[in-house]
Amino acid sequence: MFERIKSLLIKEFIQIFRDPRMKVVMFISPLLQMLIFGYAANNDINRVKMGIFDQNKTPQTREVIREFTNSTYFVTQKNIDNPRDMQESFDTSEIDLLLRFNSQFSHDFIEANSAELQCIVDGTDSNTALLLLSYANSIVYDYNYLLLKDRAKEDLRQTSVAAVDLRSRVWFNENLESKNYYVPGIIALIVTLITLLLTAMAIVREKEIGTIEQLMVSPIKPFELILGKLLPFAIIGMIDVVFITSVALFWFGVPFRGSIFVLFCGTLVFILNSLGVGLFISTSSSTQQEAMMSTFLFFMPANLLSGFMFPIQNMPLLIQYITYINPLRYYLVILRGVFLKGSGFDVLWPQFVALLILGSCLITLSSLRFHKRI
């Protein structure tokens, strides 16, 4: 049995590396994708294009504007003089946020101790708009607090003002950098795509080039054939993980607080699921084009329902239940837990158990679909 599997493995590796373009797809392409997606997947908001519509033009309005521009979030992109120009600036995406001061701002600020400042945000991207409003509210809140402290010091009857001093501390991602959250997820997506594509093409390629008949009349058993087909892609997937994890650590500087052994064990169990899906697609397809289309039909929903881009807890309850049969969901938890939290088997064992169950079911189902006959 081992001799037959060994011969099939050698045959598979020769067939894989015979085409120079396959080497690029398997090893160079994942590195390029890691570099590109690592920069692209970034939710950090810096240097937001801000417009100023100041109808008062007084020291009070300039002081408020200075509080915004002194932060790392906003930069003055344009000074606006009329409502029409304001509308055009938003329509052309020249600005993302507008501060509008009315003509009575300084009068109300001095006389009534309360002045209105209008903040208009482009709400096309609702998540970004909410963040911008949160940043703006925080800046105005800090400014008001400083005003209260200054006025309390000026009052001879009161030398201090009562306040709650909030001391915040962030665990696991101290600087709140979104790359630390997304880059491990990109590793999962790249591994999924590479192993899915290679496995989905495995058996259907034999059908197209006419060598499947030779394999069927050979003394090799069905499970040996499946094992010989899957092992090369599992090895290639693990090699790709080493490459792209190195890029994540040494190029993007993502912290790694866990165990390499736990990471590789989680990757190996996940690849079992990915190979199972790819084998099912390969045994169900008649042509490589059909296999490739089926691969992407699986990959896109798996990506969207994995928690990579959208939190699973924000999805409708029915969709949340569907995500339990998505292997990518559990692998993302393992990757982020190992990278950012330093979690081990004692914490991540539910994800390992789920992947083992799903992977065993997928491999068994795919194997049952394969028969050594035409």
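This dialogue reads two helices that pack together, and then one buried residue, in a predicted model.

Reader: At what angle do helix α2 and helix α7 pack, and how far apart are their axes?

Author: Helix α2, residues 20-40, and helix α7, residues 178-200, pack at an angle of about 155°, and their axes are 10 Å apart. Angles over 145 degrees count as roughly antiparallel, and α2 and α7 are therefore roughly antiparallel to each other. The crossing in which α2 passes α7 is right-handed.

Reader: Which residues of α2 and α7 meet?

Author: A general idea helps here: an α-helix has 3.6 residues a turn, so residues three or four places apart point the same way. In this structure, the residues that α2 brings to the contact include M22, V25, M26, P30, Q33, M34 and F37, while those of α7 include V183, I186, I187, I190, L193 and I194. By class, this contact of α2 with α7 has 13 nonpolar, 2 polar and no charged residues.

Reader: Is α7 largely enclosed or open, and why?

Author: Residues count as buried under 20% relative accessible area. In α7, 20 of the 23 residues are buried, so this helix is largely enclosed by the rest of the structure. From its first C-alpha to its last, α7 reaches 33 Å, which is close to the 33 Å expected at 1.5 Å a residue.

Reader: Where is Q60, and is Q60 buried or exposed?

Author: Q60 lies in helix α3, residues 59-69, and counts as buried because its relative accessibility is 18%. Leaving out residues up to four places away in sequence, Q60 touches F105, S106, F109 and I110.

Definitions and conventions:
Residues are numbered from 1 along each chain as its sequence is written. This is a predicted model: local features need pLDDT of at least 70, side-chain atom pairs count only at pLDDT 80 or more; totals for chains, interfaces and linings use all residues. Side-chain values use heavy atoms; hydrogens and water are left out. Axes are lines fitted to C-alpha atoms, for helices over the stretch in contact, and angles run from 0 to 180 degrees between N-to-C directions. Helices (H or I, at least four residues) and strands (E, at least two) are DSSP runs, numbered from the N terminus. Angles under 35 degrees count as roughly parallel, over 145 as roughly antiparallel, 65 to 115 as roughly perpendicular and the rest as oblique. A crossing is left-handed if the near helix is turned anticlockwise from the far one by less than a right angle, and right-handed if clockwise. Contact means heavy atoms within 4.5 Å. Ala, Val, Leu, Ile, Met, Phe, Trp, Tyr, Cys and Pro count as nonpolar, Asp, Glu, Lys and Arg as charged, and the others, Gly among them, as polar. The expected span of a helix is 1.5 Å times one less than its number of residues. Buried means under 20% relative accessible area, exposed over 50%, partly exposed in between (1.4 Å probe, protein chains only).
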